[in-house]
Amino acid sequence: MKKIGILGGTFNPPHIGHLWIAEEVRIRKQLDEIWFIPTRTPPHKDTSVLEASHRLRMLRLAVRDNPHFHVNALELEREGKSYTYDTVRDLTSSYPEDDLYFIIGGDMVEYLPKWYRVDELVHMVRFIGVSRPGYTLETVYPVECLEIHPLDISSTFIRNRLEDGELIRYLLPDDVMNYIKENQIYGYR
Ligand SMILES: Nc1ncnc2c1ncn2[C@@H]1O[C@H](COP(=O)(O)OP(=O)(O)OP(=O)(O)O)[C@@H](O)[C@H]1O
Ligand SMILES: O=C(O)c1ccc[n+]([C@@H]2O[C@H](COP(=O)([O-])O)[C@@H](O)[C@H]2O)c1
């Protein structure tokens with residue numbers, strides 16, 4: 001039996017905020033592995049996101065130097081919106097022996113009431129909520145909240161800096177930054 005942390009996300013692009021919360025939760029909850037699961041179609045983001053193949057490649061580059069980190073691409077194979085309910089249902093049936101912990105930042109803790117079939121979902125997986133600047137960890141749902149030193153970094157911030165021609169070095173792994181440069185995505189110039 002393994003204890004597996006799941007960090008679902010759009011990863012558009014992945015950044016050190018994602019890696020920071022994943023490693024903090026892994027150590028504090030003594031998890032064996034963290035699985036990063038990129039969404040195909042994020043349930044609540046209206047604006048179009050970068051194509052999944054780029055996000056997947058960047059995510060693989062971001063996690064590759066940590067032996068506890070893995071990428072699981074199961075959501076990319078599923079049509080339609082990437083609801084966590086469907087993902088958790090599939091994972092619990094494929095890995096019935098393992099304990100799953102779904103990690104979310106404060107923005108998603110606040111948004112939890114709007115998640116698809118949330119009343120069932122919270123009984124299917126353990127939710128771990130972590131601090132994120134600008135958001136609380138208050139919720140009526142059974143979420144275990146961990147106060148983690150907050151890092152005020154988001155994918156939006158990085159995309160905006162790229163659009164403005166500003167530096168992004170140190171906000172994300174060098175390999176991901178180089179991928180963005182080589183593929184000239186997010187308006188890189
Ligand atoms: N700096 C951060 N601190 C805490 N949690 C974070 C941080 N960045 C991302 N997360 C969490 O990681 C998960 C995936 O986030 P996501 O890939 O959407 O990144 P994002 O930075 O929020 O993106 P965007 O700015 O495009 O909305 C979410 O649960 C989110 O709350
Ligand atoms: O299932 C839902 O209704 C739902 C609504 C909002 C977010 N999520 C999941 O929460 C994770 C973080 O979402 P995001 O959009 O911040 O990348 C990602 O795995 C999403 O699929 C899931």
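**Exercises on a predicted model**

Strand β1 and strand β2 (residues 33-38) run parallel and are joined by six bridges. The structure is a predicted model, and the exercises below start from this pair of strands.

**Exercise 1.** Determine which residue of β2 stands opposite Ile-6, and establish the handedness of the β-α-β crossover from β1 to β2.

*Solution.* Begin with the pairing: the residue opposite Ile-6 is Trp-35 of β2. Next, follow the chain, which leaves β1, passes through α1 and arrives at β2. This β-α-β crossover is right-handed.

**Exercise 2.** Identify how many bridges join β1 to β4, and find the bridge partner of Ile-4 in β4.

*Solution.* Four bridges link β1 with β4, and the two strands run parallel. Within β4, Leu-100 is the bridge partner of Ile-4.

**Exercise 3.** Explain why β1 is described as largely enclosed by the rest of the structure.

*Solution.* The criterion is the count of other C-beta atoms within 10 Å of a residue's own; a residue with 20 or more is buried. Of the seven residues of β1, six are buried, and therefore the strand is largely enclosed by the rest of the structure.

**Exercise 4.** Characterise the shell around ligand 1: state which residues come nearest, which elements contribute at least two residues, and how the shell divides by class.

*Solution.* Step one concerns proximity: 18 residues surround ligand 1, and those that come nearest are Gly-9, Gly-17, Gly-105, Ser-154 and Thr-156. Step two assigns elements: at least two shell residues come from each of α1 (16-28), β4 (99-105), α4 (106-111) and α6 (155-163). The largest contribution is that of α1, with three residues. Step three sorts by class, giving nine polar, seven nonpolar and two charged residues.

**Exercise 5.** Carry out the corresponding analysis for ligand 2.

*Solution.* Among the 16 residues around ligand 2, the nearest are Gly-8, Thr-10, Thr-84, Trp-115 and Tyr-116. Two or more residues of this shell are supplied by each of β1 (3-9), α3 (84-94) and α4. By class, the shell around ligand 2 comprises eight nonpolar residues, seven polar residues and one charged residue.

**Exercise 6.** Locate Pro-113, decide whether Pro-113 is buried or exposed, and give the separation of its C-alpha atom from that of Val-71.

*Solution.* Pro-113 lies in the loop between α4 and α5 (118-121). A residue is exposed if 12 or fewer other C-beta atoms lie within 10 Å of its own. Pro-113 has 11 C-beta neighbours inside 10 Å, so Pro-113 counts as exposed. Finally, Pro-113 and Val-71 are 42 residues apart along the chain, and their C-alpha atoms are separated by 27 Å.

Definitions and conventions. Residues numbered from 1 in each chain as written. Chains lettered and ligands numbered in written order. Predicted model: local features only at pLDDT ≥ 70, side-chain atom pairs only at ≥ 80, totals over all residues. Near = placed C-beta within 6 Å. Nonpolar A, V, L, I, M, F, W, Y, C, P; charged D, E, K, R; others polar. Pairing = 2+ DSSP bridges. Right-handed = clockwise from strand over helix to strand, strands pointing away.
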